[in-house]
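These are my notebook entries on one protein chain. I record what I looked up and the cut-offs that I applied.

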Amino acid sequence: MNYIGSKLSLLDFLEKSIDKVAGKDYSVFCDFFAGTGAVGLHFKKQGHQVYANDVQYYSYVLNRHYIGNHRELTFKGLANEMPDLKKVDVGQRKNFVCDYLNGLKGVSGFIFKNYCLGGTQGQHYQRQYFSDENGQRCDAIRMKIENWKEQKKITDDEYYFLLTSLLESVDKQANTASVYGAFLKKLKQSAQKLFVLKPAQLIINEQSHKVFNEDINDLAGKIQGDVLYLDPPYNHRQYATNYHMLETIAKYDDPQIHGKTGLRDYESQKSLYCSRSKVKQAFKDLILKAKVKYIFLSYNNEGLMTPADVKEIMSLRGKYGVFTQEYGRFKADTDQKRDYKAKKTLEYLHYVICQ
Ligand SMILES: C[S@@+](CC[C@H](N)C(=O)[O-])C[C@H]1O[C@@H](n2cnc3c(N)ncnc32)[C@H](O)[C@@H]1O
């Protein structure tokens, strides 16, 4: 997923830097601003036990699957609904179930009625986040997944796998420049393509992992770990508004929505890390209450806190240090037209060895 602040292309830098400070000698890796789960997943693959958290529910769903799921999924409870499933190799059942869902007929549900041109015609706001066909397809698949869960035909692990597969697949065909803060007037080429539900990657291992959906400042004092990796928002852009569509598909809770973009209420998910006047206090509170041996913070040179602010706060816990790396700026489809002063930003990885 093309996600603001994703660390997918910095994983090597993160791993090498963290190893230089903490060695390989740690077990629990906490990724508490987890977003897409890319960082936690990388450390899960290295054999660590991972605890992931994010305040957004769609991110909880992604992490509940990518991090939390660590055993093969059998879909035993769907045997009556899909008699042929029993003949399918266990490892292939994820594909089989996704193919079944791909065959469903579209339904005019919440996404179609509120976020597609066909569904919003004649209403005060006409929206086009998805093609009509993709909106109806998303509704049909989302409803079926919920229906299976309510009827206890799928386990929690299977439920989060299917939701993750849906979020990842539908996001690829969204009619946006990248985030959901706005939609494009005309259906762009990729949005015209029918979305296909593709099974999300499943990493199997022996470790059991934990996944949370809380504000980090509420969670941090309750959890013990070895390494705490922090990747907060750097600026005023709230993830709750930029990814409101994913939140609604994940929750599918028929929210009250408003305005041109059909935003849902996000009062309880407003991040203090996006507020110039509140970020330092929130960060200090977090650093002081974390129960870990090492804290690492990804932040760039355009963030709301200066490197000096970060150093002052992290030094309160022990020996401070920093690594840096040049990094390409986050790009939406339309960004090519913008005249950015700098195409590269400087990415910092601050750390403190806690005493
Ligand atoms: C820079 S992104 C993390 C990106 C992630 N490392 C990745 O590679 O996908 C920041 C994340 O912090 C989350 N967030 C913001 N404020 C938060 C808070 N107070 N508590 C927990 N999560 C928060 C956002 O929802 C967002 O997913």
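**Entry 1: helix α4**

I began with helix α4, residues 93–102, in which R93, K94, V97 and C98 are buried. These four lie on the same side of α4, because they cover an arc of only 135 degrees around the axis. The arc is that of the directions from the helix axis to the C-beta atoms. I counted a residue as buried if 20 or more other C-beta atoms lie within 10 Å of its own, as exposed if 12 or fewer do, and as partly exposed in between, with C-beta atoms placed from the backbone. Helices (H or I, at least four residues) and strands (E, at least two) are DSSP runs, numbered from the N terminus. I then looked up the packing partner: the buried residues of α4 pack against α8, residues 156–172. Contact here means that the C-beta atoms of two residues, placed from the backbone, lie within 7 Å.

**Entry 2: the basis of these notes**

I note that this is a predicted model, in which local features need pLDDT of at least 70 and side-chain atom pairs count only at pLDDT 80 or more, while totals for chains, interfaces and linings use all residues. Residues are numbered from 1 along each chain as its sequence is written.

**Entry 3: the whole chain**

I found 14 helices and nine strands in the chain. Along its principal axes the C-alpha trace spans about 60 × 50 × 30 Å. I compared the radius of gyration with that of a compact globule: for 355 residues the expected value is near 20 Å, and the chain has 21 Å, which agrees. The radius is taken over C-alpha atoms, and the globule rule is 2.2 Å times the number of residues to the power 0.38. Of the 355 residues, 41% count as buried. Among contacts with a separation of 6 or more, 73% join residues 24 or more positions apart.

**Entry 4: two domains**

The domain assignment gives domain 1 as 1–70 + 208–233 + 272–355, and domain 2 as 73–202 + 243–270. Such bounds come from an automatic or database domain assignment. The C-alpha centres of the two domains lie 28 Å apart. Their contact takes 17 residues from domain 1 and 19 residues from domain 2. On the side of domain 1 that touches domain 2, I recorded nine nonpolar, six polar and two charged residues. For these classes, Ala, Val, Leu, Ile, Met, Phe, Trp, Tyr, Cys and Pro count as nonpolar, Asp, Glu, Lys and Arg as charged, and the others, Gly among them, as polar.

**Entry 5: the ligand and S271**

Which residues are closest to the ligand? I found G5, F33, G35, T36 and S271, out of 22 residues that surround the ligand. A residue is near a molecule if its C-beta atom, placed from the backbone, lies within 6 Å of it. By class, the shell has 11 nonpolar, seven polar and four charged residues.

I looked further at S271, which is in the loop between β6 and α13 (279–289). S271 is buried, because 22 other C-beta atoms lie within 10 Å. Leaving aside residues up to four places away in sequence, S271 touches V55, P233 and Q238.

**Entry 6: V50**

I located V50 in strand β2, residues 49–53. Is V50 buried or exposed? V50 is buried, with 31 other C-beta atoms within 10 Å. Its contacts, not counting residues up to four places away in sequence, are F29, D31, G40, F43, K44, I67 and H209.

**Entry 7: helix α12 and positive phi**

Helix α12, residues 244–251, is mostly covered, as seven of its eight residues are buried. The buried residues are H244, M245, L246, E247, T248, I249 and A250. Among the elements that cover them are α3 (57–68), α7 (132–150) and β6 (263–264).

Y252 follows α12 and has a positive phi, near 45 degrees. I also noted D254, which is not a glycine yet has a positive phi of about 45 degrees. D254 lies in the loop between α12 and β5 (257–258), and D254 counts as exposed because it has 11 C-beta neighbours inside 10 Å. For K152, also a residue other than glycine, phi is positive and near 55 degrees. K152 lies in the loop between α7 and α8. With 8 C-beta neighbours inside 10 Å, K152 counts as exposed.
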